[in-house]
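Got the structure open and wondering how those labels get handed out? Let's go through some of them, one at a time.

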Amino acid sequence: MFERLARLTTARPRLILILALLFAAAAVVLGGGVADRLQSGGTTDPGAESSQAAELLDRDFSAGRPNLALLVKAEGGVDSAAATAEGKRLTDRLAATDSIKGVNSYWPSKAPALRSADGTYGLIVAHIAGTDTQADKTLEALAPEFRGSSGALDVTIGGAAQIRAEVEEQSKKDLARAELIALPLTLLILVLVFRSAVAALLPVVIGLIAIIGTNLSLRVITGFADVSVFALNLTTALGLGLAVDYGLFIVRRYREELHGGARPADAIRTTLATAGRTVAFSALTVAVALSAMLLFPMYYLRSFAYGGISVVLIAATAALLVLPAMLFLLGRRIDSLDLAKLFSRRGGSAPAAEASGRRWRRIGEAVVKRPVVFAVTASALLIALGLPFLGVTFGNIDDRQLPSSAETHQVHQVIRDQFDSRPTGVLNVVTTGAAAEPDAIGSYAATLSKLDGVVRVDSAAGVYEKGQQTQAAGPAQERFTTANGSATYLDVIPSLEDVSSESQHLVREIRDVDSPFPVSVAGGAAELVDTQDTLADRLPYALAAMVGVTMVLLFLMTGSVVVPIKAVVLNTLSLSATFGALVWVFQDGHFSGALDFTVTGFIPATLPVLMFCVAFGLSMDYEVFVLSRIKEEYDRTGNTTKAIVFGLQRSGGVVSAAAAVLSVVLIAIGTSQITNVKMLGLGLALAVLMDAIVVRGILVPSVMQLLGRANWWAPGPLRRVHGRFGISEGEQREPESAKVSESV
């Protein structure tokens, strides 16, 4: 296959570049509006009890679940005559707005749950009907009409719909800023690595093709599936990062062949047969790791699989087709604009790769001389960093992922600080077949109202507090029953933080209460409980698929059963350290001022799954690069120690440069004002650096040195399988005494 690729790219290079240009132009035009079609939700299981109950509430009940909150401030108090009169007018205006239903206001209900403790604030909550897209359009139209001063009142807007709108808008701004930061810094690093402006530009071109191509892919996918807006952030990071990985590996090998005296066509052939094969294998490994997220029902996770797999495959295709075509046309001009010659007082300097190769050779020699010391020290460091993860607390994404200056963050912070109950954390208990049984509903509501953490329960049978009815049923309770009387629901209003461990315990208590009719619980805390249950249920299958397929691929590459096991164990150790650091910073709040985020005391439940799949894939990407060179030398000499030093000397510069570029891109993503994206960007950047420096530079060579020839062990039947189906980069013969001077 790679021989045919070489013939194609050297025979029709201009045609390939023209087709690539046409593809890029089409992708820009057709995929340019993809951001407007993406969603900000998708963190819950649509088949879970809470999701099914929520769907029933929105579909069959006149009120629906509140997703809009107007926080009303009255300087003279919400009970003053002026505030009461204006509050009623404001409530009537909102109720008369198209697509608004289920308006519940402090005026005229005087419900204590809708009044702040000091009487300064009142709440009006409502449901915006329709899909998320329709609700966004409704909110966009009504927000300017209600926001700001209204007589004696001052109105700010919150609720799930407003959170979604602000997240989507902020995400677009953050992505544009990240790209402006990442692109020039990426180019600068590549110039420093290659010392040639021409060579440095090539991986960036591949990255741009991968990014805009993936935008087109996501645009197509939005036609039949929901896609998260955050998938674009990962697309940018992986597009540039992996394109640089693949570009570095291929360009480095091509230059190495040219410097060895090969003609451009022969250099392309050797490069694709060796580095090209490794790039294809690496892309497959990363895609497999990302595809594990398709096993989860949350479209938030599935979206990262859509975008990640697309960008990996497009980047690899461009690296194996477009990049060789450009290299062939450039020929020996790949070294043009040599900046070392331009800025060196001597008119030239030793290649950066030569110095890098010497450094990595010295590191390799030091590690193999004292493998026990390095292995124990590195392992102890990773274990220590991972310890905080033992105290992890999971939660749901809420308004606090937005900056503290965001309107909806400020609205919900006032609710948390000033209101005794949590009207935005209401738990909806949906019953079926019980609408005609008011006594049963009343008895059940009374029981629920006695649970710890419950302020009151609103139902079709009235309002209950601490087991007693405090308000009889009336016209206001009609909203709790469907028009045909087939179902009813109860609002359990807690005094607890919306998604705290206490509120999760309350959900489980409600579900455990005996009821004379079937019930299901919806609400933020219920969604979190169900999300954690779904993740726990699906995670073993995702891990088994990801780890199993990865181990098979590594076996096909190395012919060993020991190396794949070692790779999985070391990667897991590295990722646990990253998770520990994530908990220490974002959950416990260290450096919250410097990093500018609001401490919530928890980590989003879906984030560790997402980070594990992405970081595991990237770790295997680097594993493949290092192993390919170690295995090549071991096949040539049969000497494990020499192979380890050779592998680090040849691949260390590639891996460190690729990790530097990817870390820069991820840190740029981590400058986001959305805490969830900040966690993802900075967490993955730490994982990449940890893997490149500690794992690939120290742990891998030290453990392989300790294992010696056992690294390459496999049972006889599996050796025969590898002999027939194995994948290798191919031997690169050279004198054993030759000194390697280039690693990039």
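Q: What makes the way α2 passes α11 a left-handed crossing?
A: This is a predicted model, so keep in mind that we're reading it off computed coordinates. A crossing gets called left-handed when the near helix is turned anticlockwise from the far one by less than a right angle. The way α2 passes α11 is left-handed, so by that rule whichever helix is in front is turned anticlockwise from the one behind.

Q: Why is α2 called oblique to α11?
A: Look at the angle: α2 and helix α11 (residues 299-330) pack at about 130°, with their axes 9 Å apart. Roughly perpendicular stops at 115 and roughly antiparallel needs over 145. An angle of about 130° fits neither, so oblique is the word for α2 and α11.

Q: Then why is α10 called roughly antiparallel to α18?
A: Here the axes of helix α10 (residues 264-291) and helix α18 (residues 524-558) cross at roughly 165° and come within 9 Å. The cut-off for roughly antiparallel is over 145 degrees, so α10 and α18 earn that label. As for the hand, α10 passes α18 in a left-handed crossing.

Q: What makes Leu15, Ile18, Leu19 and Leu22 a nonpolar patch?
A: Patch members need over 30% relative accessible area and no salt bridge, and nonpolar side chains are joined within 5 Å. Those four form such a patch on the surface, with about 390 Å² of accessible area together. One of them, Ile18, lies in helix α2 (residues 13-31).

Q: How do you know that Lys110 and Asp79 meet in a salt bridge?
A: Check the distance: 3.3 Å from N to O. The limit is 4 Å between a side-chain nitrogen of Lys or Arg and a carboxyl oxygen of Asp or Glu, so this pair passes. The two sit in distant parts of the chain, 31 residues apart: Lys110 is in the loop between α5 (106-109) and β3 (121-128), and Asp79 is in the loop between β1 (68-74) and α4 (81-95).

Q: Why is Lys110 called partly exposed?
A: Partly exposed runs between the 20% cut-off for buried and the 50% cut-off for exposed. Lys110 has a relative accessible area of 34%, so it lands in between. Asp79 does too, with 41%.

Q: What makes Lys566 and Glu623 a salt bridge?
A: Their closest N and O atoms are 3.0 Å apart, and the rule asks for within 4 Å, so they count. This pair links distant parts of the chain, with Lys566 in helix α19 (residues 562-587) and Glu623 in helix α21 (residues 607-637), 57 residues apart.

Q: Is Glu623 buried or exposed, and how do you know?
A: Buried: its relative accessible area is 1%, and buried means under 20%. Lys566 is buried as well, at 7%.

Q: Which residue is joined to Glu623 by a salt bridge with closest N and O atoms 2.0 Å apart?
A: That's Arg696. Arg696 lies in helix α23 (residues 675-707) and Glu623 in helix α21, so the pair ties together parts that are 73 residues apart in sequence. Arg696 counts as buried too, at 3% relative accessibility.

Q: What joins Glu3, Arg7, Arg263, Asp266 and Arg269 into one network?
A: Salt bridges that share partners. The structure holds 34 salt bridges.

Q: Why is Pro701 called buried?
A: Its relative accessible area is 2%, and the cut-off is under 20%. Pro701 is found in helix α23.

Q: What is notable about phi at Lys466?
A: Most residues other than glycine have a negative phi. Lys466 isn't a glycine, yet its phi is positive, about 50°. It lies in the loop between β9 (462-465) and β10 (468-472), and at 57% relative accessibility it counts as exposed, since exposed means over 50%. Asp596 also has a positive phi, near 60°; it is found in the loop between α20 (592-595) and β13 (603-604), and at 46% it is partly exposed.

Q: Where is there a cis peptide bond?
A: Between Trp107 and Pro108, with omega about 15°. Pro108 is found in helix α5. Most peptide bonds are trans.

Methods: Residues are numbered from 1 along each chain as its sequence is written. This is a predicted model: local features need pLDDT of at least 70, side-chain atom pairs count only at pLDDT 80 or more; totals for chains, interfaces and linings use all residues. Side-chain values use heavy atoms; hydrogens and water are left out. Patches are made of residues with over 30% relative accessible area and no salt bridge: like charges are joined within 9 Å, nonpolar side chains (Val, Leu, Ile, Met, Phe, Trp, Tyr) within 5 Å. Accessible areas come from the Shrake-Rupley method with a 1.4 Å probe; for residues, only the protein chains shown count as cover. Helices (H or I, at least four residues) and strands (E, at least two) are DSSP runs, numbered from the N terminus. Buried means under 20% relative accessible area, exposed over 50%, partly exposed in between (1.4 Å probe, protein chains only). Axes are lines fitted to C-alpha atoms, for helices over the stretch in contact, and angles run from 0 to 180 degrees between N-to-C directions. Angles under 35 degrees count as roughly parallel, over 145 as roughly antiparallel, 65 to 115 as roughly perpendicular and the rest as oblique.
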